[in-house]
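Trainee: I'd like to learn how to read a structure like this one. Could you walk me through it, please?

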Amino acid sequence: MEAAKGGVVKHILLAKFKDGIPPDQIDQLIKQYANLVNLVEPMKAFHWGENVSIENFHQGFTHVFESTFDSLEGVAEYVDHPAHVEYANILLPLLEKVLVIDYKPEKLSP
């Protein structure tokens, strides 16, 4: 399935931090992630949150990170950007589980 390259793209990262990572270190990592929006031009917005679902379908994931881009090219530029690469090299070794999905939001016609 090949999506059109233009239009808003959401980059979703689900994470579970390794046991023993202190909460203040997680807070600092989240601030560093949020700061990428100031360093990587194609990254237009950043939101995050912790799992609050009452359903038991989270599969152990505890945190959600959402970045917004104007295009798939913007996501590709972000992935290769030195600031993102440097941050990913810090974050990924601290995660027990990670899942990344990019999608283009769609609206249903009435």
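Mentor: Let's begin with the vocabulary. Helices (H or I, at least four residues) and strands (E, at least two) are DSSP runs, numbered from the N terminus. Here the protein has three helices and four strands, and from the N terminus on they follow the order β-α-β-β-α-α-β.

Trainee: What should I keep in mind about where this comes from?

Mentor: It's a predicted model, so local features need pLDDT of at least 70 and side-chain atom pairs count only at pLDDT 80 or more, while totals for chains, interfaces and linings use all residues. Residues are numbered from 1 along each chain as its sequence is written, and side-chain values use heavy atoms, with hydrogens and water left out.

Trainee: In what order do the strands sit in the sheet?

Mentor: Two strands pair if DSSP finds at least two bridges between them. In this case the four strands make an open sheet, E2-E3-E1-E4, with antiparallel pairing. Strand E2 (43–50) and strand E4 (95–103) are the edge strands, each pairing on one side only. From one strand to the next, the twist averages 15 degrees.

Trainee: How many bridges join E1 to E3?

Mentor: Eight, and the two strands run antiparallel. One partnership to look up is His11 with Ser67 in E3. Strand E1 (residues 6–17) also pairs with E4 in the antiparallel sense, over eight bridges. There, Leu13 has Val100 of E4 as its bridge partner, and Leu14 has Leu99.

Trainee: What do side chains do along a strand?

Mentor: In a regular strand they alternate between the two faces of the sheet.

Trainee: Which strands does helix H1 lie across?

Mentor: Angles run from 0 to 180 degrees between N-to-C directions, and the axes are lines fitted to C-alpha atoms, for helices over the stretch in contact. Contact means heavy atoms within 4.5 Å. Helix H1 (residues 23–39) lies across E1, E2 and strand E3 (63–71), at about 160 degrees to E2. Helix H2 (residues 72–80) lies across E1, E2, E3 and E4, at about 120 degrees to E3.

Trainee: Is Ser67 buried or exposed?

Mentor: Buried means under 20% relative accessible area, exposed over 50%, and partly exposed in between (1.4 Å probe, protein chains only). Ser67, which is in strand E3, counts as buried because its relative accessible area is 0%. Leaving out residues up to four places away in sequence, Ser67 touches Val9, Lys10, His11, Tyr33, Met43, Ala45 and Phe46.

Trainee: Where is Val40, and what does it touch?

Mentor: Look in the loop between H1 and E2. Val40 has 0% relative accessibility, so it counts as buried. Setting aside neighbours within four places in sequence, Val40 is in contact with Tyr78, His81 and Ala83. Val40 and Pro82 are 42 residues apart in sequence, and their C-alpha atoms are 8.9 Å apart.

Trainee: And how accessible is Lys18?

Mentor: Lys18 sits in the loop between E1 and H1, and it counts as partly exposed because its relative accessibility is 39%. Not counting residues up to four places away in sequence, Lys18 touches Pro93, Leu94, Leu95 and Glu96. From Lys18 to Glu77 there are 59 residues in sequence and 28 Å in space, C-alpha to C-alpha.

Trainee: What is there to notice about Gln59?

Mentor: Gln59 isn't a glycine, yet its phi is positive, about 55 degrees. You'll find Gln59 in the loop between E2 and E3, and it counts as exposed because its relative accessible area is 60%.

Trainee: How should I read the whole protein?

Mentor: Start with extent: along the principal axes, the C-alpha atoms fill a box of roughly 45 × 35 × 20 Å. Buried residues make up 34% of the 110 residues. Among contacts between residues at least 6 apart in sequence, 78% join residues at least 24 apart.

Trainee: What supplies the exposed area?

Mentor: Accessible areas come from the Shrake-Rupley method with a 1.4 Å probe, and for residues only the protein chains shown count as cover. The protein exposes about 7300 Å², with carbon and sulfur atoms supplying 57% of it.
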